[in-house]
Each structure stands twice: as C-alpha cells, then as structure tokens.
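Me: I'm new to this one and would like a guided look. Could you start with the whole thing and then zoom in on a single part?

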Amino acid sequence: MAASLGRPIIAATVLASVLGALVASMALYALLGRKRDVDAEGKGAQFFLGFGDFFLHWFLWTVDPLVRVSLRLGLTADFYNYAGLFAGVGSGVFIALGLLSPGGWALAICGVCDILDGRIARATGVASRYGDFIDSTFDRYVEAAAFLGFALYLRETSFGPFLAGAALAASLIVSYARARGEVLGVLCTGGLMQRGERLVITTLVCLVDPLLGGFLGWRPGALIQWMLGFIAVTSTITAVHRTYWIAARLR
C-alpha cells in the first residue's frame, strides 16, 4: 500500500521539479530577448501553426548547450540517431507494460536526440541524404512503437486499441504525404498535427495520466484515450490538408 502511494508522489515530485526548471529557463530566455533560432527560421519550422513558436525557439535555445557539449565529446549525429531510436522503442515497451511515466521520459529523451542529430550533422558538415533517410525512417519506427504500446496497454478497453490504431495510421499518412510530395518536387511541411506536436502531446499525457489517476481517482488510461482520439482526428485533418495542398500544385 505504501509503495503504491509512493510511486505517484515520486512521479509528481520529479515532474514538478523538471517543470519548475523549464519555467525558470523560459523566464531567462524571455529576459534575454527571445532570440529566434536561425536554423528553425531557415526551414520555416512552426509549432502549433505558429501559436507555439515561443516554445519552439525557447526549446532550441535550451538545447544549444547540449550541442556544444556533444561536439566537444565527439558525439556524432549517428550516435543520437541510434540513441533516439533506442529510447523511442523503449518507450513503447514501457507503455505496453503500463509504465507510463518511464515511457513519457523515454519519449522526451527521444525528442531531444531527434533535435541533436540534425543540428550536430549541420554543425560538422556531414548533413546528407543518408542522414535525412535514417532520421525520418527511425522517426516512423518510434511512432509505431509508441502507438503499438498504447494499443497493448489499452487492450482491455472497448475503444483503446482502435484509437491507437487510428492515431498511428493518421500519423503515418501525414508523414507519407510529405515524403511523397518531396519526391515529386513539392515541399509541404505545414499542418496542425506534425510529428513535433504529436511527440509533445504524447509525452505530456504519459507523464500526467498516472498522476490524475492517482490523485483524482480517474480510471488509468482515461486521459490516454482522449489523447489518442485527439491525435487521430487532428492528424487526419493534417493529412487531408497536405494531400489537397500537394495535389493542387501537381495538377
């Protein structure tokens, strides 16, 4: 009994500590002038249709010291590609076993690795089509692992596996539409629910769901199902938008 009560308290303490540090860094970033990331600007990157761009540029600002440390240590883009893959697949295993908090932290690590691999590749002059292929392909493995983990975790619910499957299918179509468009010479990176948005939402819900279940008496996985439904719907909208936008330019 004591152990079951202690786990949510520990998880809440860790999450509160991390969030507190992040909020403090946001305040510092704002005080220093909200410098926008040149790399993200050049790629036209957006977060939640531009409404979350403050968080995008703040987060890239916080990651910059890790880039410098990695370069000094000789850590390569490939190191972070494989570290991100390992963390992402591990998150699916954690989620399937019902260990949502470790799954959420593993997804967060995966997201950081995903940013570091590209920035280190560009900083060392080794960015290439090989790197782009490995990065985008590994991203699909990670998404498949996470959503399959949700399907297994929710296997005893009425709609959980269906929602996980719908979210996975819609997410893959979003990525496929972009990839196929690029092959045909049309670049389309916009939309509400891109990979970054999906990763952030999935990570946060994994960290929050156990706490709500423990303190509010919610059924475990209830928030996860709402999240999966939201991702399924908004990713489908994004996929339809990309399909129409690319097709209109190819016609």
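What radius of gyration does the protein have with its 251 residues, and what would a compact globule have? After that, please take a close look at helix H6 (residues 129-153).

Reply: Sure, and keep in mind throughout that this is a predicted model. The protein has a radius of gyration of 19 Å, while a compact globule with 251 residues would come out near 18 Å, so the two agree. Its C-alpha atoms fill a box of roughly 55 × 45 × 30 Å along the principal axes.

What is it built from? There are nine helices and zero strands, so to speak an α-α-α-α-α-α-α-α-α run from the N terminus on. If you count contacts between residues at least 6 apart in sequence, 77% of them join residues at least 24 apart. Buried residues make up 39% of the 251. The exposed surface is about 13800 Å², with carbon and sulfur atoms supplying 71% of it. As for charge, there are 20 positive and 16 negative ones, and their mean positions are 3 Å apart.

Now for H6. It has 25 residues, which should span 36 Å at 1.5 Å a residue; the C-alpha atoms at its ends are 36 Å apart, so the expected and actual spans agree. Its buried residues are Ile134, Asp135, Phe138, Asp139, Val142, Glu143, Ala145, Ala146, Phe147, Gly149, Phe150 and Ala151. While you read that list, it helps to recall that an α-helix has 3.6 residues a turn, so residues three or four places apart point the same way.

What does H6 meet? One partner is helix H4 (residues 77-96), where you'll find Val89. Val89 sits 53 residues away from Val142 along the chain, yet their C-alpha atoms are separated by 5.5 Å. Val142 is on the buried list of H6, whereas Val89 counts as partly exposed because its relative accessibility is 35%. Gly88 also lies in H4, and at 0% relative accessibility it counts as buried. Setting aside neighbours within four places in sequence, Gly88 is in contact with Cys110, Val142 and Ala145. Ala145, like Val142, is one of the buried residues of H6. Gly88 and Phe138 are 50 residues apart along the chain, with 9.0 Å between their C-alpha atoms.

Further along H6, look for Leu228, which comes from helix H9 (residues 222-250). Leu228 is buried, since its relative accessible area is 0%. Leaving aside neighbours within four places, Leu228 is in contact with Phe147, Phe150, Leu154, Gly160, Leu163, Ala164 and Ala167. Phe147 and Phe150 are among the buried residues of H6, while Gly160, Leu163, Ala164 and Ala167 are among the buried residues of H7. Leu228 and Ala167 are 61 residues apart in sequence, but 5.8 Å apart in space, C-alpha to C-alpha.

That brings us to H7 itself, which covers residues 160-183. Its 24 residues reach 35 Å from first C-alpha to last, close to the 34 Å expected at 1.5 Å a residue. Just after H7, Gly185 takes a positive phi of about 90°.

Finally, a stop away from H6: Arg34 has a positive phi too, about 55°, although it is not a glycine. You'll find Arg34 in the loop between helix H1 (2-31) and helix H2 (38-43), where its 49% relative accessibility makes it count as partly exposed.

Key:
Residues numbered from 1 in each chain as written. Predicted model: local features only at pLDDT ≥ 70, side-chain atom pairs only at ≥ 80, totals over all residues. Heavy atoms only, no water. Helix = DSSP H or I, 4+ residues; strand = E, 2+ residues; numbered from the N terminus. Expected span 1.5 Å × (residues − 1). Buried < 20%, exposed > 50% of the residue type's maximum accessible area, 1.4 Å probe, protein only. Rg over C-alpha atoms; globule rule 2.2 N^0.38 Å. Contact = heavy atoms within 4.5 Å. Areas by Shrake-Rupley, 256 points an atom, 1.4 Å probe, with all protein chains shown as cover. Lys, Arg positive; Asp, Glu negative; His and termini not counted. Charge placed at Lys NZ, Arg CZ, Asp CG, Glu CD.
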